[in-house]
Every structure is written in C-alpha cells, then in structure tokens.
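Open the model in your viewer and show it as a cartoon. Keep the sequence panel visible. We will go from strand to strand, then into the side chains.

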Amino acid sequence: QAQLVESGGGLVQAGGSLRLSCAGSGVIFNIRRMGWYRQAPGKQRELVADIDSGDDTNYADSVKGRFTISRDNVKDAVYLQMNSLKPEDTAVYYCNDLLRSINWGQGTQVTVSS
C-alpha cells in the first residue's frame with residue numbers, strides 16, 4: 001500500500017531553522033500536487049504549503065517569506081525548508097497529495113521554543 005514518511009522535525013529555538021523531508025513508496029510524487037500540512041494542539045490540520053508538478057508553489061499567509069517548499073524529482077521527495085521559526089509553528093507536520101489523498105503518515109513533530 002502507498003506509504004508516506006515524514007522526517008526532519010525536532011526541537012528548535014525561535015528564529016531557528018529546520019528542513020522537513022517527505023518520501024513515499026507506491027506513489028510517484030513528481031506527477032502529483034504535494035502539500036505540507038500541520039496540526040497544532042487544539043487546532044485542525046491546515047495546509048501550509050504546496051507544490052505542483054510544474055513547481056508552482058503556494059503558501060499560507062502565516063508562513064510566507066519563511067517557509068519554502070521544493071521537490072527533487074530524481075529522489076522523488078518533497079521538502080519544506082522552515083526558517084525564522086516561531087512558537088506558533090509548533091505542530092505535527094504531514095505531507096500528502098492535495099488532490100488524491102494518500103494514507104496519512106505519522107508526521108514529524110516540530111517544536112519551537114520561545
């Protein structure tokens with residue numbers, strides 16, 4: 001079955017950076033519009049960034065200028081570079097196809113301390 005694996009999260013101080021990675025099996029990312037989502041405690045899951053097969057990108061207002069989504073078609077991976085992290089970025093981060101959802105992975109925890 002299709003599988004998604006997120007990695008790269010961790011504990012970082014405000015202002016720090018992390019790079020998240022998303023890899024999959026049983027799917028081909030480079031023909032999909034892929035997104036990074038996050039779910040913070042007490043909040044619903046939200047889309048923070050996405051990238052289509054032509055590398056066009058979109059960002060939630062809350063992360064514009066700080067986060068960059070990218071993809072590597074050779075590795076068939078999707079990344080989220082997160083800079084200038086804020087405590088409100090604390091969440092579990094997930095990747096998925098925006099249009100045809102794949103079984104959700106475990107996500108990767110990002111914790112930003114003040």
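Select residues 34-39, strand β4, and residues 91-97, strand β9. β4 and β9 pair in the antiparallel sense over six bridges. Strands here are DSSP runs (E, at least two residues), numbered from the N terminus. Two strands pair if DSSP finds at least two bridges between them. Label Y37: Y94 in β9 stands opposite.

This is a predicted model, where local features need pLDDT of at least 70, side-chain atom pairs count only at pLDDT 80 or more, and totals for chains, interfaces and linings use all residues. Residues are numbered from 1 along each chain as its sequence is written, and side-chain values use heavy atoms, with hydrogens and water left out.

Stay on β9. How many of the residues of β9 are buried? Seven of its seven are. Buried means under 20% relative accessible area, exposed over 50%, partly exposed in between (1.4 Å probe, protein chains only).

Next, add residues 108-113, strand β10. β10 runs antiparallel to β9, joined by three bridges. V92 has Q109 of β10 as its bridge partner.

Now go back to β4 and select residues 46-51, strand β5. Five bridges hold this antiparallel pair, β4 and β5. Look for M34, whose bridge partner in β5 is I51.

Show the whole sheet. It is open, has six strands and mixed pairing, and follows the order β2-β10-β9-β4-β5-β6. At the edges are β2 (10-13) and β6 (57-59), each pairing on one side only. From one strand to the next, the twist averages 25°. Axes for such angles are lines fitted to C-alpha atoms, for helices over the stretch in contact; angles run from 0 to 180 degrees between N-to-C directions.

Show C22 and C95 as sticks. They form a disulfide, with sulfur atoms 1.9 Å apart (the cut-off is a pair of cysteine sulfur atoms within 2.5 Å). C22 sits in strand β3 (residues 18-25) and C95 in β9, so the pair ties together parts 73 residues apart in sequence. The link is right-handed, with 65° about the S-S bond. Both cysteines, C22 and C95, are buried.

Finish in the core. The largest nonpolar core has 27 residues; W36, V78, L80, M82 and Y93 have the most contacts inside it. Such a core is a set of buried Ala, Val, Leu, Ile, Met, Phe, Trp, Tyr and Cys residues joined through side-chain atoms within 4.5 Å. Centre on Y93. Beyond its neighbours within four places in sequence, its contacts (heavy atoms within 4.5 Å) include E6, L20, W36, F67, L80 and V110.

Methods. Helix = DSSP H or I, 4+ residues; strand = E, 2+ residues; numbered from the N terminus.
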